[in-house]
Amino acid sequence: MESCDALIVGGGPAGSSCAWQLRRRGMDVIVMDKANFPRDKVCAGWITPEVAEVLQLDTVDYARQHVLQPITAFRTGLIDGKEVETRYPDTVSYGIRRRELDDYLLQRSGARLRQGEPMNSLQRDGQQWIVNGAISSPLVIGAGGHFCPVARFMGAKLGADEPAIAAKEIEFEMDGLQRLECQVRGDTPELYFCRDFKGYGWCFRKGDYLNIGLGREDNHLLTEHLNQFCDFLKQRGRIPLDIPDRFHGHAYLLHGHSVRKQIGDGMLLVGDAAGLAYPQSGEGIRPAVESGLMAAATIMEAKGDYRRQQLLPYTGRLVARFGEAAPSVSAGPAFLRNLLAGRLLYNKWFTRHVVLDRWFLHTHQEALQTAETLEV
Ligand SMILES: Cc1cc2nc3c(=O)[nH]c(=O)nc-3n(C[C@H](O)[C@H](O)[C@H](O)COP(=O)(O)OP(=O)(O)OC[C@H]3O[C@@H](n4cnc5c(N)ncnc54)[C@H](O)[C@@H]3O)c2cc1C
């Protein structure tokens with residue numbers, strides 16, 4: 001039987017960030033993923049500079065071999081409505097391709113990798129966990145995304161009972177003609193809200209790649225909303241008329257909309273497995289990375305005693321960073337909210353300072369202090 005100090009199930013940003021920190025502190029880490037990397041991941045692929053900072057990503061070096069699209073403006077509005085353009089003096093975000101970034105981070109983590117291997121079974125044997133009957137570890141970190149098998153083991157009712165965001169998107173490389181027809185600029189992603197404010201569509205150009213998608217709080221008529229959004233973009237001449245029609249779907253939880261257990265004896269959940277995406281924007285890479293780092297810091301402090309009690313500081317860190325996971329309270333009758341929000345979206349001050357700076361860019365929240373995450 002193979003053994004390690006920590007087994008991480010899932011090599012996305014949450015799993016690879018956790019592995020990277022644990023390896024830097026000298027732990028023997030295995031990352032198991034059902035996919036072979038580089039693998040595709042349904043995602044718009046937008047990260048804020050704070051993500052690059054906490055990951056200590058050398059953006060100049062990264063951009064030599066990968067797509068890294070600096071973002072300095074946004075076009076926002078309502079689907080079928082007017083648009084507002086908001087420009088910034090500096091880079092406020094980056095567009096990346098998930099198949100590239102995730103592979104880069106996973107390889108960089110220094111962990112032993114078991115790719116193309118799904119986690120199928122988990123058993124307790126004394127102080128050890130036995131995974132797939134083949135690997136023994138005192139610690140299992142669930143980083144398998146929304147449908148993480150470790151979260152299921154800890155009692156999460158995946159796909160049932162949980163109010164998940166449902167989203168569909170496509171990312172494709174444009175040919176020469178499509179590049180000419182596409183009016184979306186790389187430095188200016190476009191975000192358009194559904195009229196009932198239960199979701200929004202986006203259109204991101206990253207180099208020669210175009211990413212179009214729409215996510216909603218409810219799964220109801222998702223495809224119809226998406227088709228309506230694509231028609232709107234085409235009518236406005238924003239995107240080529242002949243985009244591929246094979247959109248891919250995925251679901252995930254917003255922090256505060258649902259509560260999953262985050263720790264157990266010798267067990268932690270990070271990233272989407274723990275349901276941590278920001279509720280206003282659906283951004284999940286930053287909470288995935290940060291939770292991976294906070295889990296690593298907690299593990300180092302526990303000094304080999306991984307009983308649930310010793311892992312409690314992890315949940316404390318999550319609350320301090322993201323707030324309590326209490327279900328959010330609706331602010332007033334829907335028609336009033338929609339009316340107000342519809343008007344406010346055309347207000348330039350509100351768009352810049354509230355919608356973009358606060359909800360989408362989280363400029364009020366500095367990058368996670370690495371000193372804190374490295375503390376032993
Ligand atoms: C349409 C869409 C657009 C989005 N756009 C953005 C965006 O622009 N910016 C942003 O910040 N966030 C975005 N998000 C959210 C973001 O994609 C997630 O929050 C983020 O990927 C979470 O990272 P993670 O590491 O927790 O999980 P994941 O990235 O999902 O990684 C989980 C890994 O676990 C592996 N795995 C799953 N099951 C098993 C198993 N049984 N055994 C072994 N391995 C397994 C998977 O193969 C995968 O590699 C978007 C989400 C969607 C659906």
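Visitor: Which residue follows α7, with a positive phi?

Guide: Keep in mind that this is a predicted model. Look just past the end of α7: the residue there has a phi near 75°, which is a positive value. That residue is Gly-237.

Visitor: How far apart are the end C-alpha atoms of helix α7?

Guide: Helix α7 covers residues 222–235, so that's 14 residues. At 1.5 Å a residue, they should span 20 Å. The model agrees, because the end C-alpha atoms are apart by 20 Å.

Visitor: Where on α7 do its buried residues sit, seen down the axis?

Guide: Start with who they are: Leu-222, His-225, Leu-226, Phe-229, Cys-230, Phe-232 and Leu-233. Seen down the axis of α7, these buried residues fall within an arc of 155°, so they line one face of the helix.

Visitor: What covers the buried residues of α7?

Guide: Strands do part of the job, and β6 (73–78) and β7 (83–87) are among them. Further along the chain, the cover also includes β14 (165–173), β15 (190–193), β16 (199–206) and β17 (209–216).

Visitor: Over to the ligand: how much of its accessible area does the protein cover?

Guide: Backbone N or O atoms of Met-119 and Gly-284 each lie 2.9 Å from a nitrogen atom of the ligand. For Ile-285, a backbone N or O atom is 2.9 Å from a ligand oxygen atom. On its own the ligand has 1,000 Å² of accessible area, and the share covered by the protein is 94%.

Visitor: How many residues surround the ligand?

Guide: The closest are Asp-33, Arg-98, Met-119, Asp-272 and Ile-285. Elements such as α1 (13–24) and α8 (285–302) each supply at least two residues of the shell. The total number of residues around the ligand is 38.

How values were computed. Residues numbered from 1 in each chain as written. Predicted model: local features only at pLDDT ≥ 70, side-chain atom pairs only at ≥ 80, totals over all residues. Heavy atoms only, no water. Helix = DSSP H or I, 4+ residues; strand = E, 2+ residues; numbered from the N terminus. Expected span 1.5 Å × (residues − 1). Buried < 20%, exposed > 50% of the residue type's maximum accessible area, 1.4 Å probe, protein only. Arc of directions from axis to C-beta. Contact = heavy atoms within 4.5 Å. Near = heavy atom within 4 Å. Polar contact = N/O pair within 3.5 Å; in protein donor to acceptor, adjacent residues only side chain to side chain. Areas by Shrake-Rupley, 256 points an atom, 1.4 Å probe, with all protein chains shown as cover.
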